[in-house]
Amino acid sequence: MKKLGRNDPCPCGSGKKYKQCCLKVENIRGDSSRSEAVPKAIHWFFAKYGDIAREAFHEGFFGGLLEEEYAIIEDSDFYESIMINAMEWFLAEGIMTLNGQEHRVADLLLGDGGPLFSAEQRQWLQLMTTLPLRLYEIIEVIHGQSMTLRDVLLPERPPVVILEKLESQQVSRYDLMAVRVLPVENHFELSGAVYAFPRNRSENLLEELQDELEGVEPDSALAKEISGLIISDQWLELFVTDVEMPQLIDQVTGEQLLFVTDHYRVSDWDALDQALSAEVDIEGGRKQGWSRVFQGNDGLPRRSIRIDVDKSTDRIKVCYCTQKYADEGRPWFEIVAGIAVAFVFREISDPNGMLAN
């Protein structure tokens, strides 16, 4: 097999140089014998089967994307991470058509005529291509050491503890991720591919998995195939679909939420405290701040103004959650406070923009 040069076209068919594409992925995976198994297998497929392998690779993993969507993937900062998942998926779930017959990529890889692997690499690939992608919730994490996962679709199964230094540093409790859990000696490890799903964008994934797997034996080859297709397709959608932002509405006024904060300099704290304490609808004091409270249409107490005290300076912040509260509240507050305060500046934050970021 001809050795690839760093400046040769990448054999995956991306059109990039090898050093700018799959070589970067190989370097990400590390230098241990086991971690070289996937790049070595991919290189063998592309070198042996050429365009047939490239077509099976791209159609299998990226086939659900439009051309313009795939271009977004190629230009994204996550391209290397996506390719790691794509390579593993191709080996574990991929199908190639040779001489009119379909063959599992895993069978071609590990059967007679496949590349020469070390015993450790072959064992790792056999596990990786046999075990399915499953969706898990992280129920406990020790950063830099381990994480405990619970199967989302089969919560009755015992949680598994994964020894994982790198990934455990990047996750939090209750995160959702689809991974392959591999038994290694007396513990469990991740195969390498990680499909992270934000909870606010996991509803469609859960519904589709539940619908398509209903009545299917959880540990069957069919369940493995279904899960692998759905999880990879839904995950790629995260990169090419804009997030639909919810409308944040104040329950009382029906207005869209808008965080308005007026900053004031206080010249007389005693006068300010006395003026606010005299108002019947004001609760609190200088120590904890003040609130202007009213009774909503639902009979529950609501707050239209919150006054926070900056203990390290002579400043206060008067906060509103809608433009209406701000328009009505500022004149009222300045009349009540009088010369005890002086307006400095107004700060406005759009919660939709904050959520988008």
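**Note on charge pairs, the acidic patch and two backbone outliers**

1. Asp-107 is partly exposed, with a relative accessible area of 47%. That label applies because the value falls between the 20% limit for buried and the 50% limit for exposed. The model is a predicted one.

2. What does Asp-107 pair with? Its partner is Arg-104, through a salt bridge with the closest N and O atoms 3.1 Å apart. Arg-104 is partly exposed as well, at 34% relative accessibility. Side chains of opposite charge can pair when their charged atoms come close.

3. The total for the model is 17 salt bridges. One of them joins the side chains of Glu-93 and Arg-180, at 2.4 Å from N to O. This pair links distant parts of the chain. Glu-93 sits in helix α5, residues 79-93, and Arg-180 in strand β6, 87 residues away. Are the two partners buried or exposed? Both Glu-93 and Arg-180 are buried.

4. A further salt bridge brings together the side chains of Asp-281 and Arg-292, at 2.8 Å from N to O. Asp-281 is in the loop between α10 (269-277) and β9 (282-285), and Arg-292 is in strand β10 (residues 289-295), so the bridge ties together parts that are 11 residues apart in sequence. Arg-292 is partly exposed, with a relative accessible area of 22%. That figure is not under 20%, so Arg-292 does not count as buried.

5. Which residues do shared salt-bridge partners join into one network? They are Glu-88, Glu-93, Arg-180 and Lys-224. The buried pair of Glu-93 and Arg-180 is therefore part of a wider set of linked charges, because salt bridges that share partners connect it to Glu-88 and Lys-224.

6. Now the surface. A negative patch is formed by Glu-203, Glu-207, Glu-208, Asp-211, Glu-212, Glu-214, Asp-233 and Glu-237. Two helices, α8 (203-213) and α9 (221-240), each supply at least two of its residues. Which helix gives the largest share? Helix α8 does, with 5 residues.

7. Glu-237 belongs to this negative patch and is placed in helix α9. Its relative accessible area is 30%, which makes Glu-237 partly exposed.

8. Gln-121 is a different case to check. It lies in helix α7, residues 119-130. The residue is buried, with a relative accessible area of 4%. Which residues does Gln-121 touch, leaving aside neighbours within four places in sequence? Its contacts are Ser-33, Arg-34, Glu-36, Ala-37 and Lys-40.

9. Two backbone angles deserve a look. Tyr-174 is not a glycine, yet its phi is positive, at about 80°. Where does Tyr-174 lie? It is in the loop between β5 (160-163) and β6 (176-184). Tyr-174 is partly exposed, with a relative accessible area of 41%.

10. Glu-185 is the other residue here with a positive phi, near 55°, and it too is not a glycine. Glu-185 is found in the loop between β6 and β7 (187-197). Is Glu-185 buried or exposed? It is exposed, with a relative accessible area of 79%. The label follows because the value is over 50%.

11. Strand β6 recurs in these points. Arg-180 of the salt bridge with Glu-93 sits in it. The loop holding Tyr-174 lies between β5 and β6, and the loop holding Glu-185 lies between β6 and β7.

Methods: Residues are numbered from 1 along each chain as its sequence is written. This is a predicted model: local features need pLDDT of at least 70, side-chain atom pairs count only at pLDDT 80 or more; totals for chains, interfaces and linings use all residues. Side-chain values use heavy atoms; hydrogens and water are left out. Patches are made of residues with over 30% relative accessible area and no salt bridge: like charges are joined within 9 Å, nonpolar side chains (Val, Leu, Ile, Met, Phe, Trp, Tyr) within 5 Å. Accessible areas come from the Shrake-Rupley method with a 1.4 Å probe; for residues, only the protein chains shown count as cover. A salt bridge is a side-chain nitrogen of Lys or Arg within 4 Å of a carboxyl oxygen of Asp or Glu. Lys and Arg count as positive and Asp and Glu as negative; His and the chain ends are not counted. The place of a charge is taken as NZ of Lys, CZ of Arg, CG of Asp or CD of Glu. Helices (H or I, at least four residues) and strands (E, at least two) are DSSP runs, numbered from the N terminus. Buried means under 20% relative accessible area, exposed over 50%, partly exposed in between (1.4 Å probe, protein chains only). Contact means heavy atoms within 4.5 Å.
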